[in-house]
Structures are given as structure tokens and as C-alpha cells.
Amino acid sequence: MIGNITLGQYIPGESVLHRLDPRSKIIWTALLMVAVFIINTWQEYVMMGAFVAILLVISGIPIKQSLKGIKPLMLILAITAILNIFFVQGTPLVKIGPVVISYEGLLSAIMLFFRLVMLVIVASLMTLTTTPMAMTDGIERMMKPLERVGVPAHEIAMMMSIALRFIPTLMEETERIMKAQASRGADFDTGNILKRIKSFIPVLVPLFVSAFKRADELAEAMEARCYCGSKGRTRLKQIRFTRLDLVASLAGILFLLILFGTRFLMISH
Amino acid sequence: MATVADQGMHMVEFKDVYFEYGTHAAGQPSTPAVNGITESIREGEFVVVLGRNGSGKSTMARLMNALLLPTGGTVWVDGMNTAEGDKIWEIRRTLGMVFQNPDNQLVATTVEEDLAFGPENLGLDPSEIRRRIDAAARYVGMEEHMKHSPHMLSGGQKQRVAIAGILAMEPKCIVLDESTSMLDPRGRKEVIDLIRTLNREKGITIILITHHMEEAVHADRVLVMDRGRIAMQGTPREIFSRVDELKKLGLSVPQVTQLMHELKAKGLVQAGTALTLEEAEESLKAVLKKSGFHHPALQEPAVAKEPAEVIVSIRDLSHTYMPGTTFERKALQEVSLDIMKGEILGIIGHTGSGKSTLVQHLNGLLKPTSGSVTVDGLECGGKSLKELRQKVGLIFQYPEHQLFEETVYKDIIFGLSRLGLPQDEIERRVKCVLDIIGLSEELLWKSPFELSGGQKRRVAIAGVLVMEPEILVLDEPTAGLDPRGSEEVFAILTELNRTQGTTILIISHSMEQIAAYCDRIAVLNRGRLEMLDTPRKVFSQEDRLRSLGLDIPEITRLFRNLHRAGYPVNGHVLTISEAVRSISETMLAKETHKGGNNA
């Protein structure tokens with residue numbers, strides 16, 4: 001049932017990508033995503049594609065898994081691609097009545113599709129190789145400098161990880177409450193929108209009551225286990241920027257240099 | 001002031017402790033939740049605290065690790081006063097606490113990270129944390145689940161993780177606040193075995209708060225709480241010999257203890273209190289001499305019920321969750337079963353055997369993957385969902401969690417008001433239901449959130465009963481209730497069955513309840529129907545039930561053992577009253593037999 005879905009989709013492994021510091025992964029994911037938007041020649045597309053393919057191979061994650069993230073985006077992908085095909089002006093390729101498909105339109109649709117696929121793969125490479133816990137740790141550490149200006153970095157990270165922990169629990173609970181109220185005669189499927197929204201009150205009230213109760217009990221349990229914020233707290237898993245991260249970062253920088261270096265070469269010509 | 005030497009001997013010491021919650025419902029006299037407790041718990045002791053819901057047990061537990069501070073008196077933990085603010089973390093490190101709901105105390109997304117949570121808070125070195133959590137996980141037998149997510153574990157496993165998380169802080173004392181109440185029998189046994197080992201091997205002081213009387217049997221000492229005070233205290237033997245006093249406090253005793261108590265009251269045995277099956281067996285063997293006398297088989301109660309008419313017909317029912325995905329799970333496989341009008345059918349099987357999946361077909365919450373379910377001529381999964389849900393009332397586990405209206409009245413009529421009945425009919429039904437569940441009319445205008453746990457449960461049940469269903473299905477109706485609360489729920493059910501002829505289906509893990517109340521039992525295992533028969537026939541197959549991870553009532557086991565060993569008792573008793581009858585018949589027969597010889 002719903003509860004069986006693992007959140008964050010982390011797939012255990014021992015690859016280089018798995019072992020990297022989550023901070024390097026977060027930074028490099030961001031950089032690569034920006035790069036995906038900057039590329040615009042077919043040479044750059046090929047290089048980018050090759051690089052992402054290499055990362056995929058290194059991660060040891062089956063391609064099928066990494067492409068799973070695209071499925072829910074398929075509709076958006078299709079719509080944007082179609083819009084591009086029909087509305088980008090240029091050399092006509094095919095003419096069906098008033099509709100003109102241009103060469104440029106087709107090209108930009110393909111490019112856009114490629115870009116979005118790259119984005120999804122890059123993002124899922126991070127979530128597939130990083131546990132939610134490591135991710136929040138990484139975010140916490142990256143926000144650490146902001147603590148001086150009053151950003152509660154530790155608390156934000158703790159909230160994120162608790163949310164991750166409880167999402168499956170609350171999803172199960174929602175399902176259970178809906179079934180119980182349906183058994184009592186609640187009807188979620190008929191009537192106009194207003195009526196349907198109203199019909200969710202019998203689900204939302206118990207869900208909130210229970211969520212607050214859980215929050216209360218969890219806070220108590222955390223206190224009983226000596227939790228008092230980040231002060232004096234150590235971590236089981238130290239995240240460290242290791243030599244591996246250095247090598248990986250250098251490789252990344254090298255790739256970006258090659259990728260965009262050619263542009264400067266061309267300009268200088 | 002207690003002297004230092006005095007404090008050194010005690011793990012926990014309460015001196016004239018009071019605690020009052022700041023808020024109480026308007027107009028109610030305030031009774032302190034803890035009302036003058038003076039009590040010491042020795043280092044290394046295994047103490048069980050019994051008491052009804054709301055007797056102050058949980059408040060007492062929270063006072064022990066400074067989650068609450070006494071409003072009067074003093075609490076010492078390992079020589080530290082809980083009211084001294086700077087000692088609070090040291091106190092919580094020394095005295096760990098396991099809570100009731102396994103879901104609401106695990107913080108992290110993997111077992112490993114969760115075990116590390118406490119030690120991390122203590123500011124230990126990463127290598128030391130690693131050493132401790134590995135040791136703790138091994139100790140509780142969870143080392144293979146280190147990378148798993150807590151929500152994938154069973155209830156018993158979750159509680160073992162919670163215990164390991166505390167062990168990793170190397171405490172001297174562990175308090176378990178009803179930590180077994182939400183578990184199935186298997187999970188409960190896992191937890192109880194674990195804490196007994198901890199107490200024995202590591203000398204950790206254990207304070208176990210529970211409603212399950214049989215868990216108290218192994219304790220060094222039992223405290224019984226009532227209205228914020230300690231009403232009784234002593235060894236399990238002393239406590240359980242005072243059966244009538246316990247009953248007055250709304251508690252019960254283990255089945256064998258109850259049996260020996262009743263036999264003694266009838267003057268049939270002289271032996272002392274029996275706490276375990278073995279003890280009862282010994283003392284009964286002493287009075288029942290082996291003999292060639294053949295005990296007449298217990299008569300099945302004369303079948304008063306008419307040759308029954310089938311009300312629910314389940315044919316080749318299969319259900320698969322998330323078919324075609326990696327999460328595909330066959331929850332039910334080709335189950336065929338007829339439910340008779342007016343019967344009480346028990347459904348047993350261990351967690352994951354398909355019990356809940358089965359009953360959710362009866363009111364169309366689930367649709368068959370294949371096969372069919374027909375309720376009184378209505379095809380389930382068809383169009384007549386509304387009609388079906390009026391016929392079949394389904395009450396989920398912890399139904400009180402679904403209460404949401406402003407008043408009890410509105411909550412009770414939530415489903416009813418959708419049927420378009422005239423107002424006076426609604427009033428009539430509400431009145432009638434209040435009678436059945438035994439709640440007074442004043443409660444109707446209260447908020448359901450103000451009621452006690454047992455009252456909430458009954459209100460939630462009332463919300464289904466007002467629909468006047470022909471078939472009532474209950475999933476673990478007494479989970480989390482204390483013995484008296486459970487009795488009240490079963491009294492309601494038997495009354496309904498008797499006076500209105502309601503067909504009742506009960507899912508339960510309590511074999512004692514099933515044996516006492518059901519006409520027939522359906523045994524499920526891995527989604528298949530394994531057995532379907534009268535309780536007497538089902539529970540006579542002990543070995544088969546065992547292989548399915550199920551048990552038989554303690555009293556049935558006792559009499560089977562005696563019967564097998566050649567003693568002249570009935571080997572198939574199901575309830576205490578049957579057991580008493582069997583013994584007295586045997587004794588009587590022996591008397592006349594003896595008399596005949598002398599003549």
C-alpha cells in the first residue's frame with residue numbers, strides 16, 4: 001500500500017557518488033542544472049549527455065530507476081514540446097492546413113525535451129544516492145554560517161527530517177481515516193466542488209488532531225532522550241569534505257571548462 | 001531529607017508526591033492526577049504498575065524523568081532531585097523511557113540514525129556512538145534492520161528499536177509506559193522477553209506500566225494504582241491472591257489465577273494462588289487423582305439458534321494490493337466463506353494474514369480482485385454502495401480517533417443525518433443507542449474530545465450502531481482498553497446480538513475473548529482461510545494453530561495438559577466457568593465413586 005513507498009527514493013550503494021559529501025552533491029547538482037540551461041549548441045548537448053551518462057554508470061543505478069522521475073512529468077513535457085513545435089516560427093517543414101511545423105520548432109522541441117530529461121536525471125542522481133538524513137545534514141551544514149544572522153539552521157534541518165520520517169505514517173493514517181469515515185456514511189465522490197471540499201472536514205479534523213498528538217508525543221520522546229537543540233550535539237555520521245570530494249570537484253570543474261571553454265575559444269577566433 | 005546512604009539504594013524514590021494538571025474541564029472538581037505517593041523502587045528491581053486508564057500511571061512515569069515536575073513533594077532518581085534544573089539531562093540519561101505509540105517516538109528515517117539520536121544528544125564521539133548503537137542493535141536483535149526505515153517495521157520491532165535507542169544511552173533504569181498496549185501478541189512477547197533479559201543480564205531497573213495482567217506475573221513487585229494513589233503493592237503472588245479487590249479496581253487476573261480462585265471459593269481446592277499455568281497444573285494434579293474414570297465430554301450448548309440462513313456469502317475472494325508494481329502483495333487468496341445470520345464470528349490470524357482486507361470487502365471499501373462477496377443479496381463492489389454501508393457497519397481499530405464533531409450528538413448522527421430520516425426517527429435511534437452503550441444523555445452536548453478513552457470508544461461505536469446495521473464488523477474493538485473497558489464493549493456486543501439479532505464479526509488477537517464470545521471462528525493465514533469451525537473444534541488443534549503463529553486460551557491449554565496426562569477432566573474447556581464445572585463434576589463423581597467402594 002502507500003506505506004511501502006520509500007521516501008526520497010534512496011537506493012543503497014557503495015559507488016563514488018554514494019560516498020561523496022552531501023554538500024558537494026548539492027552544490028554540483030545545482031551547478032549541473034544551471035549548465036543544462038546554458039548549453040545551446042549540439043556539441044554542448046552531446047558533451048553534457050555523455051557526462052550525465054558517465055555519472056549514471058558510476059552511480060551503478062539502473063537507468064530505468066533514474067528515468068522513473070520523468071513519468072509524472074510526461075504530460076508537461078509533451079505539452080511544452082507540442083507548443084514549441086507549433087509556435088516557434090521559422091522555415092516551414094510540414095504544413096497541415098493552417099498549422100505549420102517549422103524546422104526550428106521541431107529542433108527547439110527536441111532540445112527542450114533533452115534539457116528536461118537531463119534535469120530530471122541530474123536531480124534524481126542526487127536523491128537516489130543520498131539518504132534523506134544525509135541530505136538534511138548537508139543542508140544544515142551549508143546553512144550553518146547563516147546561524148550568525150539568526151537563521152535556525154539546525155531546527156530547519158530537524159524539521160525537514162521529521163517531516164520525511166512522518167510523511168508515510170500520515171499518508172497511511174489519511175487512508176485509514178477516509179475508510180473509517182466512508183464506513184460511517186461519508187461521501188467523498190459526489191456533489192459539486194464546494195460540497196466535496198466540505199466532505200473532507202471529517203477527514204481533516206481527525207487528521208489534525210492526530211498530527212498534533214503525534215507532534216506532542218514525539219516532542220516528549222525527544223526530550224526524554226535528552227534532546228535540547230543543536231548545542232553540545234554530535235553526529236554519528238560526520239560529513240567531511242574528503243579527498244574524494246576534491247577529486248570529484250576537480251573533475252567537475254574540468255568538465256565545465258571543456259564544455260564552455262570551447263565557446264570562449266570560438267569567440268576569440 | 002533522605003540520607004545519602006538511603007538514596008544510594010533506591011533507583012527511584014517518591015516522597016509524598018502530588019501532581020495536578022493545570023487545566024481541567026469547567027465545573028469538574030479537580031482531583032490531582034497523582035495524589036500523594038510515597039514509594040521507593042530499588043536498583044535492579046522489576047516493578048510492574050497496574051491500574052485502569054486514567055489512574056495516574058502515565059503521570060507517575062513522567063514524573064520519574066522530569067518530563068513533569070511534582071506540584072507537591074519530591075522525586076529522586078538515582079539520588080538526584082528531579083526539581084533541580086541542572087540535573088535534568090543526567091536524570092534522563094539514567095532513566096530512559098519507552099512510550100506507548102511505537103510510531104511517535106522514532107525520530108529518524110533509518111533505524112541506525114534513530115538509535116544514534118540519544119547518544120548524539122549526549123555529545124558522544126562518533127566512534128563511541130557507532131560502538132554503542134551496534135551493541136544495542138545486536139542486543140535487541142535488530143542489527144539486520146539498521147538501514148531500514150522505521151515505518152517498514154512491525155510494532156514489536158519498532159518498540160525494540162525504541163528500547164535499543166535508550167540502551168545506547170547506557171541507562172540504569174527503563175520505564176515502559178504501556179509500551180505493549182498497541183502490539184499484537186507476538187510483538188508483546190518480543191518486548192516482554194527483551195525487558196526481562198535486560199533486567200536479568202544487565203541489572204537494569206525496569207518499571208513496566210501495563211493493563212496486561214499476565215505481564216505482571218514475572219515482576220519482583222507489583223504496584224496497583226487507583227485515582228492517583230497506590231492502592232495495593234506487593235509481590236505478584238500477594239497481589240493476585242486479592243482477586244476481589246483487583247476486580248473492584250476494574251482490573252482482572254490471569255485466567256489460571258481466576259480459575260484457582262473460584263475453585264478455592266467453592267472449597268474444591270486448598271492450594272495457594274496460582275500465577276502460571278504450571279502452578280495451576282501442579283495443584284490441580286494434586287487434587288485430581290489419576291483414575292480410569294472417564295469424564296463425559298462437555299455438551300455443546302444446545303443449539304438454540306435456528307438453522308441459520310446465510311447472510312454473507314464470500315466466493316473465491318482474492319485481493320491483490322498494487323498489482324503489477326514492485327509492491328504487489330497478495331493479501332487474500334481464494335477465500336470462500338458463508339456467514340450465518342445472527343452468529344458471532346471471530347476472525348483470527350496473525351498480523352498480515354488478511355483479516356482487515358477481508359472485512360473491508362464487506363462494505364465495499366475494497367473491491368475484489370477476483371471472486372465475489374454478496375451481502376443479503378447485494379453484490380459488494382457493485383453500485384449499491386450506500387445501501388451496503390447501511391447494512392454493514394464497520395468499526396475500525398481505535399474508532400475514537402475518527403471523532404471530529406463539536407458535540408457527541410452531532411458525531412453520533414454524522415452518518416444517520418445523511419439518510420434523510422425524519423427528525424423524530426433520528427431522536428428515537430439516538431436514544432436507543434445511548435441505552436445500548438450505556439452513556440447518559442448529558443454527554444450528548446459535550447465535545448467528544450472531553451470524554452475519557454473508554455467513553456470515546458463507546459461514542460464512536462454508537463455512531464455506527466445508530467445506522468442499525470444488520471451486520472456489525474469490529475476490528476480489535478478492545479485494543480488499548482483496560483479490563484473493565486473491554487468487558488463493557490463485549491457486554492454491548494452480546495446484548496446487540498441477543499436482542500436485535502445483529503450478526504457480528506470480530507477481529508481479535510485475544511484468544512480468551514474469541515473463545516468466550518464467538519459461535520464460530522475463521523482462521524486466516526497468509527491470505528488463505530485455514531480453518532472455519534466452532535471455537536471448541538478450532539482450539540482443539542493446538543499444534544496447527546501454533547504453526548500459524550497463534551495460541552489457544554490459557555485455560556484450554558491447562559485442561560488439555562491435564563487431560564493428556566490422564567487426569568479425568570474435560571480436555572476441551574474454553575472458559576473459566578466451563579473449567580470450574582468440569583472440575584467440580586470430576587470431584588463429585590470421585591466422591592460418589594469413593595462412597596460406593598466403602599459400602
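Select B:Glu468 to start: this residue lies in the loop between helix 16 and strand 17 (471-475) of chain B. Helices (H or I, at least four residues) and strands (E, at least two) are DSSP runs, numbered from the N terminus. B:Glu468 has a phi near 50°, a positive value in a residue other than glycine. With 16 other C-beta atoms within 10 Å, B:Glu468 is partly exposed. On this scale, 20 or more other C-beta atoms within 10 Å of a residue's own make it buried, 12 or fewer make it exposed, and anything in between is partly exposed, with C-beta atoms placed from the backbone.

Before you move on, a note on the model: it is predicted, so local features need pLDDT of at least 70 and side-chain atom pairs count only at pLDDT 80 or more, while totals for chains, interfaces and linings use all residues. Residues are numbered from 1 along each chain as its sequence is written, and chains are lettered from A and ligands numbered from 1 in the order in which they are written.

**Another positive phi**

Next, pick B:Asp16, in strand 1 (residues 10-19) of chain B. Its phi is positive, about 50°, although B:Asp16 is not a glycine. Is B:Asp16 buried or exposed? B:Asp16 counts as exposed, with 11 C-beta neighbours inside 10 Å.

**Two buried residues in chain B**

Now go to B:Gly155, which is found in helix 6 (residues 155-167) of chain B. B:Gly155 counts as buried, having 20 C-beta neighbours inside 10 Å. Show its contacts (C-beta atoms, placed from the backbone, within 7 Å). Leaving aside neighbours within four places in sequence, B:Gly155 is in contact with B:Pro102, B:Met182, B:Leu183, B:Asp184 and B:Gly187. Draw a distance to B:Pro102: the two residues are 53 residues apart along the chain, and their C-alpha atoms are separated by 6.4 Å.

Then select B:Pro483, found in helix 17 (residues 483-500) of chain B. B:Pro483 is buried, with 20 other C-beta atoms within 10 Å. Not counting residues up to four places away in sequence, B:Pro483 touches B:His211, B:Gly250, B:Leu251 and B:Ser252. For another distance, try B:Thr351: B:Pro483 and B:Thr351 are 132 residues apart in sequence and 22 Å apart in space, C-alpha to C-alpha.

**Domains of chain B**

Colour chain B by domain: domain 1 (4-242), domain 2 (255-300 + 555-598) and domain 3 (310-533). These bounds come from an automatic or database domain assignment.

Within chain B, display helix 11 (residues 277-287) and helix 21 (residues 554-564), which pack at an angle of about 40° with their axes 10 Å apart. That makes helix 11 of chain B oblique to helix 21 of chain B. Axes here are lines fitted to C-alpha atoms, for helices over the stretch in contact, and angles run from 0 to 180 degrees between N-to-C directions. Angles under 35 degrees count as roughly parallel, over 145 as roughly antiparallel, 65 to 115 as roughly perpendicular and the rest as oblique. Show B:Leu277, B:Ala280, B:Glu281 and B:Leu284 in helix 11 of chain B, which meet B:Glu554, B:Arg557, B:Leu558, B:Asn561 and B:Leu562 in helix 21 of chain B. The residues of this contact divide into five nonpolar, one polar and three charged. In this scheme Ala, Val, Leu, Ile, Met, Phe, Trp, Tyr, Cys and Pro count as nonpolar, Asp, Glu, Lys and Arg as charged, and the others, Gly among them, as polar.

**Helix pairs in chain A**

Switch to chain A and select helix 5 (residues 74-87) and helix 6 (residues 103-129), whose axes come within 7 Å and cross at roughly 155°. Helix 5 and helix 6 of chain A are therefore roughly antiparallel to each other. Among the residues that make the contact are A:Leu77 and A:Phe86 of helix 5 of chain A and A:Leu112 and A:Phe113 of helix 6 of chain A. By class, this contact has nine nonpolar, four polar and no charged residues.

Keep helix 6 of chain A on screen and add helix 2 (residues 22-38) of chain A: the two pack at an angle of about 180°, with their axes 10 Å apart. Helix 2 and helix 6 of chain A are therefore roughly antiparallel to each other. The residues of their contact divide into nine nonpolar, one polar and two charged.

**Where the chains meet**

Finally, show both chains: the contact takes 50 residues from chain B and 44 residues from chain A. Which helix of chain B gives the most to the side that touches chain A? Helix 4 of chain B does, with six residues. The residues on that side of chain B divide into 22 nonpolar, 18 polar and ten charged.
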